[in-house]
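Reader: I'm new to this one and would rather get to know a single part well than skim everything. Could you take me on a close look at the largest pocket and what goes on around it?

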Amino acid sequence: MTGLKVRGGASRKREWPRPAECRVMTIANQKGGVGKTTTSVNLAASLAMHGAQVLVIDLDPQGNASTALGVEHHADVPSIYDVLIDDMPLADIVVPAPELPNLHVAPATLHLAGAEIELVSKVARELRLRRALDAFDKSRFDYVLIDSPPSLGLLTVNALVGGNELLIPIQCEYYALEGLGQLLNTVDLVKSHLNPGLNVSTILLTMYDARTRLAAQVADEVRSHFGEIVLSTVIPRSVRVSEAPSYGQSVMTYDPGSSGALAYNEAASEMAHRGAAE
């Protein structure tokens, strides 16, 4: 552990151990509404607040991660679309997040909605993001978090090929595991043909409602199936987490004392310490 640094001009945050080399983590689950973007944004913010240098790559055409981190992503902004389609260097689109000194964003714009179709005719269409990342100087970052769309199209495949680790958020609700087999089959195909180094390293349980027996049952089922890669921390349902993006913030800066912020902080700490131990 290193010393203390002032973050955000006010509260003091103890720094967490940083990985020996940059961890490129894809956050994916083709099921919508499981908290992918929320997880990407709040883990990134929490890691940045504890001394890590973090880059979030917004690969979702909705651009919600860009919105939540307060960066501009209107049609005229250079974005991840330009990287994937026009071979613009990744370094040319990365911008700092205004709320947090250690956090940077590669924004998404609405142009990305057409990228699925435009990528079809591109050479090595599944490798576009990977090649951009390979040409990018990642040594200044501890984490690159790739937020993917709720589908198994070419954008998500690019995200899976681009990452070394996969984090899967799973909501603690009925049908939670439905469709997960399809995602894991896609991961196996990507490992076989495109990215043999991809590792399902982390599963995070989200939208946990302690008042229901179902949530506990789903959590137990996920833990029995996936074992130690499931983080001990669970993310509760939280109104504050849902509100934060409308203010252009993560919940870590919007309401750091809320149950959602505390849970994401704990999950990020667990992830950082596990990575350092490995």
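Author: Here's a walk around the pocket, then out to some charged pairs and a small enclosed space.

First, some ground rules: this is a predicted model, where local features need pLDDT of at least 70 and side-chain atom pairs count only at pLDDT 80 or more, while totals for chains, interfaces and linings use all residues. Residues are numbered from 1 along each chain as its sequence is written, and side-chain values use heavy atoms, leaving out hydrogens and water.

The largest pocket has a volume of about 500 Å³. A pocket here is an open set of points on a 1 Å grid over the protein atoms alone, with protein on both sides within 12 Å along at least five of seven lines, and a residue lines it if it has an atom within 4 Å of a point. Points are joined across faces, edges and corners, and the volume is the space filled by probe spheres set on them. There are 29 lining residues, and the closest to the pocket's centre are Val34, Gly35, Lys36, Thr38 and Met207.

Which elements give two or more residues to that lining? They are helix 1 (36–49), helix 2 (64–68), strand 9, strand 10 (230–236) and helix 9 (239–243). Helix 1 gives the largest share, five residues. (Helices are DSSP runs of H or I with at least four residues, strands are E runs of at least two, and both are numbered from the N terminus.) By class, the lining has 13 nonpolar, 13 polar and three charged residues; Ala, Val, Leu, Ile, Met, Phe, Trp, Tyr, Cys and Pro count as nonpolar, Asp, Glu, Lys and Arg as charged, and the others, Gly among them, as polar.

Let's go back to methionine 207, which sits in strand 9 (residues 199–208). Its phi is near 55°, a positive value in a residue other than glycine. That's worth a second glance, because most residues other than glycine have a negative phi.

Now for helix 9, another element of the lining. Arginine 240 forms a salt bridge with glutamate 243, the closest N and O atoms being 2.8 Å apart; the term means a side-chain nitrogen of Lys or Arg within 4 Å of a carboxyl oxygen of Asp or Glu. The two are three residues apart in helix 9, so about one helical turn separates them. Arginine 240 is partly exposed at 33% relative accessible area, and glutamate 243 is partly exposed too, at 27%. (Buried is under 20%, exposed over 50%, and partly exposed in between, using a 1.4 Å probe and protein chains only.)

Helix 11 (residues 259–277) has a pair about one helical turn apart as well, arginine 274 and glutamate 270. Their salt bridge is 3.3 Å, N to O. Arginine 274 is partly exposed at 27%, while glutamate 270 is buried at 15%. As for arginine 240 and glutamate 243, salt bridges with shared partners join Arg240, Glu243 and Asp255 into one network.

Finally, the enclosed space. The structure holds one cavity of 30 Å³ or more, where a cavity is a set of points at which a 1.4 Å probe fits but cannot get out. Its volume is about 40 Å³. Among its lining residues are Ala68, Leu69, Gly248 and Thr253, and the lining divides into five nonpolar, four polar and one charged.
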